[in-house]
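The following exercises concern aromatic and nonpolar side chains. Study the structure, attempt each task, and then read the solution.

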Amino acid sequence: AWPDPKTTFIGTDRITGTNGRFGTYTWEEVQKHTKFGDQWIVVERKVYNVSQWVKRHPGGLRIIGHYAGEDATVKHSTSIHLHRFTSAFKCDCHSLRNVNVTVEDCICCHFTFVFSQAALVEDFRALREHLEAEGCFKTQPLFFILHLGHILLLEAIALMLVWCFGTGWINTAIVAVLMATAQSQAGWLQHDFGHLSVCKTSRWNHLVHKFVIGHLKGASAGWWNHRHFQHHAKPNVFKKDPDVNMLNAFVVGKVQPVEYGVKKIKHLPYNHQHKYFFFIGPPLLIPVYFQFQIFHNMILHGLWVDLAWCISYYVRYFLCYTQFYGVFWAVILFNFVRFMESHWFVWVTQMSHIPMNIDYEKHQDWLSMQLVATCNIEQSPFNDWFSGHLNFQIEHHLFPTMPRHNYWRAAPHARALCDKYGVKYQEKTLYGAFADIIRSLEKSGELWLDAYLNK
């Protein structure tokens, strides 16, 4: 069960705890309890000691731990269905139903309240309610059926080409491109189910997510959830967003390069990272790093259902292709497909994040935090398909459970809200966004070199 709240004394308001115990706490006191084993959060101006409960948190202990010492509240609404607010974080919230908080309070749309931003927060809530009323959170099943259909069609055509035309180099190259396209598109599809934005219930989203990411891609839903939950909770925040953990291979943003330079950290010549990015970034992320991490995570954490789905993918692949290529060349083809998919994945996912602000925790409100960490890419039928609609990265981060085919409807409203409060809403061309990845890496490398030599 959700732990009993303590009483809070924050600002000038005294709130009585629901368990009958009394106590008063300032924000300064709450903010002292941020370490694992000693974590407090604030929900609806009540202080909760979640030090032990985090281990049972349905969304994962790291997600809620990222909000230790903070206000993780959004306005409670009894009219909201719980599954709508599981966001990217897959929390069914069964253990929270005896408490006057929803999943929204727990893990989705967290606001760190800066009282000067109260009007912005309220307008953002009103915008979400408006978009819900307009049907922007309703799924069009045909969209996702057709998307799945075109993935299966690409897989079938690839296998038929080998069956009909053999294993020559040209035919194999075409087959590899088709398979890499299917894998990339399946990646966007699993992302939809992972965000619970397709089916009406979280249970069905979870089940189909395991099928798509497991059987169609050979990966783990649990592993993906663990990484992606944290990314959406704290995008581009060091030590909280695993996507900016560069394993000392790169320095990113404006703060980390200077920090590394001052400390004389030089694992690689970071002033050349915009060059070696092409050799150790896109080519290796999925075939090497993710491949190892997925299996390590499944075995370490006992994700046996995920492992079974993952094995089913490999069984299907090798049954289909070893009869034509033999084991050795089937393995080579597999890794070449992963190599191409990895390029696709890295360029699409990083074009909206690496060039943006990357820093340590600044305790911003939800909208501001998402906007400084994301940008959009201009809309076109190709860009929508190529990026899985993640060219609408801003809308996706503001409304993680919204079906992607409705992002374009939300975009003008999100832009108008940003204009009203002077929050920067960036949109780029696809080429410009790709180029910005390299430019930002180069600039970060220069900052590191300057700090390394002169500070």
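**Exercise 1.** In this predicted model, identify which helix gives the most to the nonpolar patch.

*Solution.* Helix α10 (residues 273-280) gives the most, with 3 residues. The patch, of about 470 Å², is formed by Phe278, Phe279, Ile280, Leu284 and Val288. Val288 belongs to helix α11 (residues 285-300). Its relative accessibility is 48%, so Val288 counts as partly exposed.

**Exercise 2.** Classify the ring pair of Trp163 and Phe324.

*Solution.* A search of the whole structure yields 33 aromatic pairs. For Trp163 and Phe324, the ring centres are 6.0 Å apart and the planes stand at 75 degrees. An angle over 60 degrees counts as edge-to-face, so this pair is edge-to-face. Trp163 is in helix α5 (residues 141-165) and Phe324 is in helix α12 (residues 304-350); the pair therefore ties together parts that are 161 residues apart in sequence. Trp163 is exposed, at 63% relative accessible area, whereas Phe324 is partly exposed, at 25%.

**Exercise 3.** Classify the ring pair of Phe392 and Tyr407, and decide whether Tyr407 is buried or exposed.

*Solution.* The centres of the two rings, Phe392 and Tyr407, lie 6.4 Å apart, with planes at 55 degrees, so the pair is tilted. Phe392 is in the loop between α14 (381-387) and α15 (393-398), and Tyr407 is in helix α16 (residues 407-421), 15 residues apart. Buried means under 20% relative accessible area. Tyr407, at 2%, is therefore buried, and Phe392, at 6%, is buried.

Methods
Residues are numbered from 1 along each chain as its sequence is written. This is a predicted model: local features need pLDDT of at least 70, side-chain atom pairs count only at pLDDT 80 or more; totals for chains, interfaces and linings use all residues. Side-chain values use heavy atoms; hydrogens and water are left out. Patches are made of residues with over 30% relative accessible area and no salt bridge: like charges are joined within 9 Å, nonpolar side chains (Val, Leu, Ile, Met, Phe, Trp, Tyr) within 5 Å. Accessible areas come from the Shrake-Rupley method with a 1.4 Å probe; for residues, only the protein chains shown count as cover. A salt bridge is a side-chain nitrogen of Lys or Arg within 4 Å of a carboxyl oxygen of Asp or Glu. Helices (H or I, at least four residues) and strands (E, at least two) are DSSP runs, numbered from the N terminus. Buried means under 20% relative accessible area, exposed over 50%, partly exposed in between (1.4 Å probe, protein chains only). Rings of Phe, Tyr and Trp (its six-membered ring) pair if their centres lie within 6.5 Å; planes under 30 degrees apart count as stacked, over 60 as edge-to-face and the rest as tilted.
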